[in-house]
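The points below are meant for someone opening this entry for the first time. They go from each chain as a whole to the contact between the chains and then to single elements.

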Amino acid sequence: MRARNIIVGAAFAFLAGGMAHSALAQDIKIGEINSYSLLPAFTEPYRKGWQLAVEEVNAAGGINGKKLVVISKDDGGKPADAQTAANELVSSEGVAMLAGTFLSNIGLAVSDFANQKKVFFLAAEPLTDAITWSKGNKYTFRLRPSNYMQAAMLVEAAAKLPAKRWATIAPNYEYGQSAVAVFKKLMSEKRPDIQWVDEQWPPQGKIDAGPVVQAVAAANPEAILNVTFGADLVKFVREGNTRGLFKGREVVSFLTGEPEYLDPLKDETPEGWIVTGYPWYSIKTPEHDAFLKAYQAKYNDYPRLGSIVGYQTIKAAAAILAKAGSTDPEKMIAAAEGLSMPSPFGEITFRKIDHQSTLGAFVGKTALKDGKGVMVDSAYKKGGDYLPSDAEVAKLRPKD
Amino acid sequence: MAFYVVQFLTGLASAASLFLVASGLSIIFGVTRIVNFAHGAFYMIGAYIAFSLTERLSGAFGFWGGILLAALAVAVIGVIVEMVLLRRIYHAPELFQLLATFGLTLMVEDLVVLIWGPDDLVGRRAPGFRGAIDFFGQNVPTYDLFLIVLGPVVLGILWLLFQRTRWGVLVRAATQDRDMVAALGVNQKWLFTSVFAVGVFLAALGGALQIPRDAVHHAMDLRIIVEVFVVVVIGGLGSIVGAFVAAVLVSELNAFGILIFPKISIILVFLVMAVVLIVRPWGLFGKPEAAARKTPGLTVNPWRPLTSNERLMALAALVVAATLPLFAGNYLLTVGSEIAIFVIFAVSLHFLMSVGGLASFGHAAYFGLGAYGIAFLAKMAGLPMIVCLLLGPLLGCMGAAVFGFFAVQLSGVYFAMLTLAFAQIVWSIAFQWVEVTGGDNGILGLWPSSWAASPSHFYWLALGVAALVTVALRAMVFSPFGYALRATRDSLLRSEAIGIDAKRIQWTAFVIAGTTAGIGGALFAYLKGSVFPDNLGISLSVDALVMVLLGGVETVSGAVIGAIVYKALNIWLVSQTDLSKLVLGGFIVLIVVVFPKGIVGMLEMLAQRRRKASPPGSPLLAKPIESAE
């Protein structure tokens, strides 16, 4: 029965490993959850980002003298597992706050958990508008510019295009649906003359790109809105290039300028798409230079947008904890509301009205340079400028 | 007009890639009866290796050579897997091999990220097939044309292989009647190995050929595996021509379907499969399965109720479990509740699988329906928790009544796949009907009433319900109904001859299992405070299958142990390591090798041996019944 001995040995090895990382009682602990195993392309740089931030915070004396410790868990891309992890972090690790998450439904699940258990939650990445508006709650804050904000940034550029016939292509789930809905609404407000001639809804991760590209082309649009990303985007772009879909057509695209999604396209990067993203190579501000230098020195790799999100999530958490001077959730909420802090993209503020941060995004055009996709003519759009008026937000958000 | 022709051609190209992978799966299943869950993993490794080779080897020869080499390399991996792992478990209960290949798939998903890194990889375009040709103003990619030709060519080669070679004759014979082929003195070992190698080669080739159009990434396997299964079943198991026709059918329906309903792709294959299986129970080109020679119920020790000693032990275990809140913290209690809920879920599937002999691949549908039942009652009707808990599972019951009626008309893998189709249809309704179900953002805020809100109270509730359900289902196994159900499982013909209305008995069992799963789902909704389409998803159905198989499909209550071991291990590993899939997959593979009858099945066998060694005890156990092989 040698095999059984191996199992027992492995079990003990894991027990020992599990005990090794327990932290000291006087440390301040943050519980971090993300879809590490499901979305490694995003979460690996993200992890590097937050690890850098933890190092910096502790090198600068920690939080009011206490060491900051981040305990990180994988949710495997499932809302139910994210709640199990959240529960472990809160009940058994005793973390001061929860942070992280990528997928919108997981963000919402953890946010609902936080609301129920009265725990502070800083959502890093989920883009859904619901998390701060229709399903917002007082315990949940969100860092990244929402769907609405990114749509508003893109609409600003898209409305200037002469194109009148538009087609949309988006993954068939909440993110894709709400991105298209907001874009259409804002666009039609600015340009009542626009016609929406076709929409395609491939299942997320399972696009059958050939027929989809053909179907879009058959509607003969003058411009296309794309919301697909990741492997779907690669397939869409490759088929589109081969079949000439993008020739003579404007394309406006969510997230495509992020290195996570742009870099894999290599020499197939389509030129002239209007995109949101992160052109780390052309941002020349002191804040970003400092971040870039530290990141490259530590990892010998360039940052992705995930790195920024991870880095700033922990930086923001540290700032909130430092200002609150306590791990009492009510005090942390009071500290976070209206709190301003530096970030690699410049100063950001967590709004009191809906707990959305004013972190912005870069809007620019895609281009090919030395066989690689880059973003050119990019400009930083401050998040605060692309949110609806306070009166509208108040209507969207349930009263606490 | 030109547009429709081009759209048709595009559909054909999609069909060709699907067919390559599906044909391999079909051959493997036809001969070895292995539900090869790892087929998608081989497809993915094929793509990864081909990516590495084509990046290093230059020129047209390098590219095509790289593709072929990759497929061959993966075929070698397949041979190793077959010889080292699967050969040991051909005699394990049906579907047990699914567990082994599931474990492999988990491992591969982590391994490719370890080896090739987390980023999506985009490979070279095929030399000579980079562009498109103009067809009356429409562009047709030349690579599509290549694939359109390749599909029928592969079909033709396979046809020749099967019709014109001795090996092919043996494969066909084994597909029709394995035991007879073995009786005629054919070396089954090498036949199985070679068939597995060919099947894996086709899967890897299918993956490698995706390089010029797709991105290579670590989730490719799950993207294709279910679809491929569906194609194989629509075509009829073991039929290569059927797989081809089904691939074309599905791809063309998708290509033209999205012109009218752009959201159809998400559910199309499952709709087609449901319709085909209801109309033609063995797929388009499949033949009815020959009556099994082996009677599953006789390969094990006859089931018996627990002795009074064993009852006391079970009771003692329950009492010990009930004392958990005295020393465990809130987190452990919540994990305990989750495990108890999964025990309910697993025993409900176990009842259907082991007692009824009906393996469902879509059991999560009824679990999820129970959860959504709670969500509707609590959020829309505003009913109190206790009422919701009593009424919520009825949604699972109704779903099981409707789908079960159609499903029990079939048997074996066709039954399994029809349940999968129904589950996916329910899932897509939950996913798409945003106004009612909230879509994938789910329904939030379903927290338990104050009497059950504390973790210890909820744990006692979940534990109590789990114990009740397990006892009730066990009692049913040894009731007249249970005997009738086991009769339909062991021999449909004989049971009908003695006047058992088999379909009605099986339908009843399906409804019981569905309702029980719904009870689990209802508790799960309250445990998590929210409901998502995930609760109805394939991965949850697979989890349930794994729990039952792990516990031992030939046992009366093995699923209880299977659920506890799998769920506890899963939660613990995910929390402790970043490579949880690798470790969990490795653990499952080990278990499969060490305990080929499942954990409980193996323990029972050891106990049985010990009893045999000692002087005869009870007269019931002294008479082992020989199997009628």
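1. The radius of gyration used here is taken over C-alpha atoms, and the globule rule is 2.2 Å times the number of residues to the power 0.38. For the 400 residues of chain A, this puts a compact globule near 21 Å; chain A has 22 Å, so the two agree. The model is a predicted one.

2. Chain A contains 13 helices and 14 strands. Its C-alpha trace spans about 65 × 65 × 40 Å along the principal axes. Of the 400 residues in chain A, 60% are buried. Among its contacts with a separation of 6 or more, 69% are between residues 24 or more positions apart.

3. Chain B has 29 helices and 6 strands. A compact globule of 629 residues would have a radius of gyration near 25 Å, and chain B, with 25 Å, agrees. The box filled by its C-alpha atoms, taken along the principal axes, is roughly 75 × 60 × 50 Å. Buried residues come to 57% of the 629 in chain B. Of the contacts in chain B between residues at least 6 apart in sequence, 79% join residues at least 24 apart.

4. Where do the chains meet, and how many residues does each give? The contact involves 64 residues of chain A and 60 residues of chain B. On the side of chain B that touches chain A, the elements giving two or more residues include α1 (2-32), α10 (240-260), α14 (330-355), α26 and α27 (580-594), along with the strands β1 (121-122) and β3 (138-141). The most comes from α1(B), with 7 residues. Sorted by class, this side of chain B has 25 nonpolar, 22 polar and 13 charged residues.

5. Helix α1(B) deserves a separate look. Its 31 residues should span 45 Å at 1.5 Å a residue, and the end C-alpha atoms are 45 Å apart, which agrees. There is nevertheless a kink of about 25° in α1(B), centred on B:Phe19. The helix is mostly covered, with 26 of its 31 residues buried. Just after α1(B) comes B:Arg33, with a positive phi of about 65°.

6. Another element on the chain B side of the contact is α26(B). This helix covers residues 558-576, 19 in number, and its first and last C-alpha atoms are 27 Å apart, close to the 27 Å expected. Its buried residues include B:Gly558, B:Ala559, B:Val560, B:Ile561 and B:Gly562, and also B:Tyr566, B:Lys567 and B:Asn570.

7. In soluble globular proteins, nonpolar side chains tend to be buried together. Here the largest nonpolar core has 353 residues, and those with the most contacts inside it are A:Met97, B:Ala204, B:Met273 and B:Met417. Leaving aside neighbours within four places in sequence, B:Met273 is in contact with B:Val230, B:Val233, B:Ile234, B:Met417 and B:Ala421.

8. Is B:Pro305 buried or exposed? With 12 other C-beta atoms within 10 Å, B:Pro305 is exposed, because a residue counts as exposed at 12 or fewer. B:Pro305 lies in the loop between α11 (268-279) and α12 (308-322) of chain B. Its C-alpha atom is separated by 8.9 Å from that of B:Val477, which is 172 residues away along the chain.

Conventions. Residues are numbered from 1 along each chain as its sequence is written. Chains are lettered from A and ligands numbered from 1 in the order in which they are written. This is a predicted model: local features need pLDDT of at least 70, side-chain atom pairs count only at pLDDT 80 or more; totals for chains, interfaces and linings use all residues. Helices (H or I, at least four residues) and strands (E, at least two) are DSSP runs, numbered from the N terminus. A residue is buried if 20 or more other C-beta atoms lie within 10 Å of its own, exposed if 12 or fewer, and partly exposed in between; C-beta atoms are placed from the backbone. Two residues are in contact if their C-beta atoms, placed from the backbone, lie within 7 Å. The expected span of a helix is 1.5 Å times one less than its number of residues. Ala, Val, Leu, Ile, Met, Phe, Trp, Tyr, Cys and Pro count as nonpolar, Asp, Glu, Lys and Arg as charged, and the others, Gly among them, as polar. A nonpolar core is a set of buried Ala, Val, Leu, Ile, Met, Phe, Trp, Tyr and Cys residues joined through C-beta atoms within 7 Å. The bend at a residue is the angle between axes fitted to the seven residues ending there and the seven starting there.
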